[in-house]
Amino acid sequence: MDIKIVPLPAEKMKKKITDESQLGFGKILTDRMLMVEWKAGQGWCDARIQPYAPFVLDPASLVFHYAQEIFEGLKAYKWADGRVAMFRPEMNARRFNQSGDRLCMPPIPEELFLKGIEQLVALEREWIPTSPETSLYIRPTMIAVDPVLGIKPADHYYFYVILSPVGPYYAAGFNPVNIMVEDHYVRAVPGGTGEAKTGGNYASSLKAGLEAKKKGYDQVLWLDGRQQRYIEEVGAMNMFFAYGKKIVTAPLNGSILSGVTRDSVLKLAPTLGYEVEERPLEINDLMADIRSGKITEAFGSGTAAVITPVGKLCYKEECLQLSAGKVGEVTQHLYDSLTGIQTGRIADTFGWVRFV
Ligand code: COI
């Protein structure tokens, strides 16, 4: 399908930020967006890259009432030689359609997803920041727009992609965060939507997140929804624990998001001399392993969060420090290696980079 380019009038172009240390995360949106529609009986149609602008949507639109929505997060980097590289976008295309299947939304052809994003990023390349810890964050989204109050899969969807030049997800940058293990609320249950990247998972996590913030924590670590015994994920990140040179993470059990960065760590770490293991991590065992020093480091992984060191993990009354509250060696090694591949400082032997 051809993608129409709607001209962007000069007066609609936004002023770009010059001090990249002030970017923050997701606060600035670029000049253009990709839009494609899907209509029952017609399929995908009317693909266009148009000036970034608000939508006019009927207040009855299904997405507002029953949250039929999915999204993705991926990044593009401008390399020192001027080339623009996206990191594993095929993985996002695949996961987008998996999320869509769970939410009864039509699959988007992978080629259209990738071609649309590539063309949009190419047009917006001047927006890609180049300072350390910055990138262009890409947010593909699909929403149900039929104006009807009956609960049913929609007959009309918008697939759209917006772009944001970003700094680190956490305001403190590449520094340890403090995490509270959530022992009251749950994020997902077996058979639920925990594995899908859908807004409802994030909306339902807000209350626990706010309560944790009030107590001085950055994030909550979710336990499984059935027994509240096994660790799952941190909403914005999957979690890894280093037992010396062995790196362990929870297995994908259907209620954990299948992180692209998680998968990258599992593939990258063995090439750097680490052993990796996916196994259920029971919270009391985990705390005992931190207490005894068997666990030497913990870190989160995510597109927005990249590799984020954990300084403190707290469960019920007990708070344990990891790597003396500093960035651990393994965490630093993985961070440097992963971001090295993403930004072209280290050769990509995995075929993860896709140039725009
Ligand atoms: C991402 O890492 O891309 C996400 O979607 C997580 C979100 C909390 C920003």
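A residue counts as buried if 20 or more other C-beta atoms lie within 10 Å of its own, as exposed if there are 12 or fewer, and as partly exposed in between. In this predicted model, Arg-88 has 21 C-beta neighbours inside 10 Å and therefore counts as buried. Arg-88 is placed in the loop that joins strand 6 (84-87) to helix 2, and its phi, near 50°, is positive although the residue is not a glycine.

Ser-323 can be described in similar terms. Ser-323 is buried because 21 other C-beta atoms lie within 10 Å, and it belongs to the loop between strand 16 (318-321) and helix 8 (329-343). Phi of Ser-323 is near 35°, again a positive value in a residue other than glycine. A further positive phi, near 55°, belongs to Cys-104, which follows helix 2.

| Residue | Phi | Place |
|---|---|---|
| Arg-88 | near 50° | loop between strand 6 (84-87) and helix 2 |
| Ser-323 | near 35° | loop between strand 16 (318-321) and helix 8 (329-343) |
| Cys-104 | near 55° | follows helix 2 |

Helix 2 itself covers residues 89-102, and its 14 residues reach 20 Å from the first C-alpha to the last, close to the 20 Å expected at 1.5 Å a residue. The buried residues of this helix are Pro-89, Asn-92, Ala-93, Arg-95, Phe-96, Ser-99 and Gly-100. In an α-helix there are 3.6 residues a turn, so residues three or four places apart point the same way.

Thr-130 offers a contrasting environment. It sits in the loop between helix 3 (110-123) and strand 7 (135-144), and it counts as partly exposed because it has 13 C-beta neighbours inside 10 Å. Thr-130 and Tyr-202 are 72 residues apart along the chain, and their C-alpha atoms are separated by 29 Å.

Around the ligand stand Gly-73, Ala-236, Gly-302, Thr-303 and Ala-304, a shell made up of two nonpolar and three polar residues, with no charged residue among them.

For the protein as a whole, eight helices and 17 strands are assigned. The radius of gyration is 21 Å, which agrees with the value near 21 Å that a compact globule of 356 residues would have, and the C-alpha trace spans about 60 × 50 × 35 Å along its principal axes. Buried residues make up 43% of the 356 residues, while 72% of the contacts with a separation of 6 or more are between residues 24 or more positions apart.

How values were computed:
Residues are numbered from 1 along each chain as its sequence is written. This is a predicted model: local features need pLDDT of at least 70, side-chain atom pairs count only at pLDDT 80 or more; totals for chains, interfaces and linings use all residues. Helices (H or I, at least four residues) and strands (E, at least two) are DSSP runs, numbered from the N terminus. A residue is near a molecule or strand if its C-beta atom, placed from the backbone, lies within 6 Å of it. Ala, Val, Leu, Ile, Met, Phe, Trp, Tyr, Cys and Pro count as nonpolar, Asp, Glu, Lys and Arg as charged, and the others, Gly among them, as polar. The radius of gyration is taken over C-alpha atoms; the globule rule is 2.2 Å times the number of residues to the power 0.38. Two residues are in contact if their C-beta atoms, placed from the backbone, lie within 7 Å. The expected span of a helix is 1.5 Å times one less than its number of residues.
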